[in-house]
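Here is a short briefing to read alongside the model. Take a moment to load the structure in your viewer, then work through the topics below.

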Amino acid sequence: MAAALPLPGKVTVVQIINGQPVVIEVDGTNAPITAGNFVDLVERGTYDGVMFHRVVRQPDPFVVQGGDPRSKDTAIPASQLGTGNFIDPDTNQARFIPLEIKPQGAAQPVYNQVVTQRPQLPHTRGAVAMARSNALNSASSQFYFALDALPFLDGNYAVFGNVTQGFETVNAVQQGDRISSARVVGGIVPGRVSSVISDVNLLNDFINTTNLVNLPLRSLRLSNTPNNYQVTSQDSQQNPSGVLGGSVNDRLIGSPTDDAINGSQGNDTLTGEVGDDFLRGGKGNDLISAGVGSDILNGNLGDDNLNGDAGNDFLRGGRGNDALIGGDGNDFLVNDLDNDTLTGGNGADTFILQTTDLSAGFLVGNDTDIILDFKPGEGDRIGIATSNLSNIRFSQSGSNTVIQLITGTAVVQNVAPAVVQSATFAITAPNFSLSGGLPPGDPAIRIG
């Protein structure tokens, strides 16, 4: 059966329970296999919608337990849950992991043995550990929160993390409550491997930012009158999902820190300023400028203009006829739907041409995209979402190269076909997602 990759360090996971965030530090340093399994299941969406089927507070605070995949079926009562395991869609078999305990002072964990020494990760209040049956190697997807210090469980059950924020939410959970969503929002996940973004830190920063901003958390909603709003650092700290503009034309300017700004409706002007920002246009024809930093820009709907400015930026046009300018830095520009113009700017830029509508899940469109300032000598590349580059035709039209895609064409101006073809690579194409499976395609395509 397929195994998850061990987690070599620590990551941050946020679970949304009863509308509130519960922040978990997952410790792969001291429990690499157990933590790696949990993080892989979070990435797969396994915990989205699962029930807490077991809550024990009497006679003393004990545990809140969930993670049975069968609990996503709302027709199954809590009393019939607790025996389900994660079924790997690649093998159609249950995945189990060994009991993993690292004694204090030990260099490595001990596997499939009850440990009598004090563990490096004890059952303190707020500890997160794997549930299992009598067999030592029977943990799969079910986990529990310790509602109090539980030293009698130490060495018998594998702790892999701790609640660092939101324990009051855990402490209030009732049987039948659910996790609405769970995402990794900090750290390096070993399963994230991209042919588009080779810098592991940048890839994970982009994905973590996208995950955090897309969680159903608090946002600052501006009025439905024209707004000229300067975002503050306090705004960003207090509103994880960012600032949301009104229904008309807004001008929103970021703070010197990392901001998330959503234009909502209207023809908006969004400026990130300094910091690693997430800027999403919403509806309307928007003007989006990143500023200095490694930023994520998404035009969303309408005919948008996106300027990455300085830094290593990720720009995607969304729907509509968009103009994307990478600016200085090693940028990633995604064509998305309709007729887009992509300009790399200085640095080693990657132009990503998709052949499917990810939101619809099928082939659509007959678009013509224009690629300007394509310089392979500076490291520029073109990535095409396809499993077979031999299906892609490169032909000459005057001084330009025409790339024939399934759903349209891309024109690379003033570069010969042989040069373009030698700088083109295939990206794992998106496809339909399986229940309990990792989101399909190269992880970079999901950014933004």
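A residue counts as buried when its relative accessible area is under 20%. By that cut-off, both faces of β4 are covered, because Val63 and Gln65 on one side are buried, and so are Val64 and Gly66 on the other. Please keep in mind that this is a predicted model. The notes start with the whole chain and then move to the strands around β4 and β9, a buried isoleucine, and some backbone details.

**The chain as a whole**

- The secondary structure comes to five helices and 33 strands.
- The radius of gyration is 24 Å, close to the 22 Å that the globule rule gives for 448 residues, so the chain is as compact as a globular protein of that length.
- Along its principal axes, the C-alpha trace spans about 80 × 50 × 45 Å.
- Of the 448 residues in the chain, 52% are buried.
- If you take the contacts between residues at least 6 apart in sequence, 48% of them join residues at least 24 apart.
- The chain exposes about 18400 Å², and carbon and sulfur atoms supply 49% of that area.
- On the charge side, there are 25 positive and 45 negative side chains, and the centres of the two sets lie 10 Å apart.

**β4 and its partners**

- Which strands pair with β4? One of them is β3, which runs antiparallel to β4 and is joined to it by four bridges. Another is β10, also antiparallel to β4 and also joined by four bridges.
- The link from β3 to β4 is a hairpin through six residues.
- Gln65 is a handy residue to select in β4: Arg54 stands opposite it, and Gln65 itself stands opposite Tyr144 in β10.
- Gln65 is also one of the buried residues of β4, on the side it shares with Val63.

**β9, between β10 and β11**

- Both faces of β9 are covered as well: Ala127 and Ala129 are buried on one side, and Val128 and Met130 are buried on the other.
- β9 pairs with β10 (residues 143-146) in the antiparallel sense over three bridges.
- β9 is also joined to β11 (residues 159-165) by three bridges, and these two strands run antiparallel.
- Where does Val128 find its partners? In β10, its bridge partner is Phe145, while in β11 Val128 stands opposite Gly161.
- A second pairing to look at is Ala129, which stands opposite Val159 in β11.
- Following the sheet onward from β11, you reach β2 (residues 20-27), which pairs with β11 in the antiparallel sense over four bridges.
- Within that pairing, Glu25 stands opposite Asn162 in β11.

**Ile101, a buried residue in β7**

- Ile101 is found in strand β7 (residues 100-101).
- Is Ile101 buried or exposed? It has a relative accessible area of 3%, so Ile101 is buried.
- Leaving aside neighbours within four places in sequence, Ile101 is in contact with Pro109, Val110, Val115, Pro119, Gly155, Tyr157 and Ala158.
- Ile101 and Asn30 are 71 residues apart in sequence, and their C-alpha atoms are 8.2 Å apart in space.

**Backbone details for your checks**

- As background, most peptide bonds are trans, and most residues other than glycine have a negative phi.
- Which bond is cis? A cis peptide bond joins Gln58 and Pro59, with omega at about 5°.
- Pro59 lies in the loop between β3 (52-56) and β4 (63-66).
- Asn112 has a positive phi, near 55°, in a residue other than glycine.
- You will find Asn112 in the loop between β8 (110-111) and β9 (127-130), and at 34% relative accessibility Asn112 counts as partly exposed.
- Asp338 has a positive phi too, near 70°, and is likewise a residue other than glycine.
- The place of Asp338 is in the loop between β25 (332-334) and β26 (341-343), and Asp338 counts as partly exposed at 29% relative accessibility.

Terms used. Residues numbered from 1 in each chain as written. Heavy atoms only, no water. Buried < 20%, exposed > 50% of the residue type's maximum accessible area, 1.4 Å probe, protein only. Rg over C-alpha atoms; globule rule 2.2 N^0.38 Å. Contact = heavy atoms within 4.5 Å. Areas by Shrake-Rupley, 256 points an atom, 1.4 Å probe, with all protein chains shown as cover. Lys, Arg positive; Asp, Glu negative; His and termini not counted. Charge placed at Lys NZ, Arg CZ, Asp CG, Glu CD. Pairing = 2+ DSSP bridges.
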